[in-house]
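Subject: Structure handover

Hello,

Please find the structure below, followed by notes on what was found in it.

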Amino acid sequence: QERLVESGGGLVQPGESLRLACVTPETNWIDKTMAWYRQAPGKEREWVASIYSGGTTYYADSVKDRFTISRDSGRGAIYLQMNVLKFEDTALYYCKSETYEIWGQGTQVIVSS
């Protein structure tokens with residue numbers, strides 16, 4: 001059984017939006033530090049955004065002001081709202097429990113015209 005399951009990826013055009021979701025049956029995980037990472041073709045995995053237990057959020061410079069990470073504890077989920085998507089946002093997006101060092105399997109985002 002997967003402990004972190006991502007969804008919401010897809011094929012979009014530049015300038016469009018997507019919302020990724022990461023759900024876990026381990027409901028106590030969601031209230032701890034969670035993060036989104038991504039890995040573009042031929043590149044190393046990179047950090048995108050984090051949300052801490054108190055709700056503080058941090059973003060990579062490349063996505064700041066375009067992406068928003070959020071949490072819904074009741075649903076056992078975190079989200080990544082991605083707006084004004086660019087070609088360079090194309091990647092496999094992963095969520096991660098930073099506290100427990102557990103990764104999801106990823107969801108693919110492709111930005112193409």
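Lys96 counts as buried, at 7% relative accessibility (buried is under 20% relative accessible area, exposed over 50%, partly exposed in between; 1.4 Å probe, protein chains only). Its side chain meets that of Glu98 in a salt bridge, 3.1 Å from N to O (a side-chain nitrogen of Lys or Arg within 4 Å of a carboxyl oxygen of Asp or Glu). Lys96 also forms a salt bridge with Glu101, with 3.3 Å between the closest N and O atoms; Glu101 is exposed, at 51%. Elsewhere, Arg38, Glu46, Arg66 and Asp89 are joined into one network by salt bridges that share partners.

This is a predicted model: local features need pLDDT of at least 70, side-chain atom pairs count only at pLDDT 80 or more, and totals for chains, interfaces and linings use all residues. Residues are numbered from 1 along each chain as its sequence is written, and side-chain values use heavy atoms, with hydrogens and water left out.

The salt bridge count comes to eight. One of them pairs Glu26 with Arg3, the closest N and O atoms being 3.3 Å apart. Glu26 lies in the loop between E3 and H1 and Arg3 in the segment before strand E1 (5-7), so the pair ties together parts 23 residues apart in sequence. Helices (H or I, at least four residues) and strands (E, at least two) are DSSP runs, numbered from the N terminus. Glu26 is partly exposed at 24%, as is Arg3 at 38%.

There is one disulfide (cysteine sulfur atoms within 2.5 Å). Cys22 and Cys95 form it, with their sulfur atoms 1.9 Å apart. The pair links strand E3 (residues 18-23) to strand E9 (residues 91-97), 73 residues apart. Both cysteines are buried, and the link is right-handed, with 45° about the S-S bond.

Strand E11 (residues 107-111) has alternating side chains: Thr107, Val109 and Val111 point to one face and are buried, whereas Gln108 and Ile110 point to the other and are not. E11 runs parallel to strand E2 (residues 10-12), joined by three bridges (pairing needs at least two DSSP bridges). Val12 has Val111 as its bridge partner in E11. E11 also pairs with E9, in the antiparallel sense, over three bridges; there Ala91 is the bridge partner of Val109.

Regards
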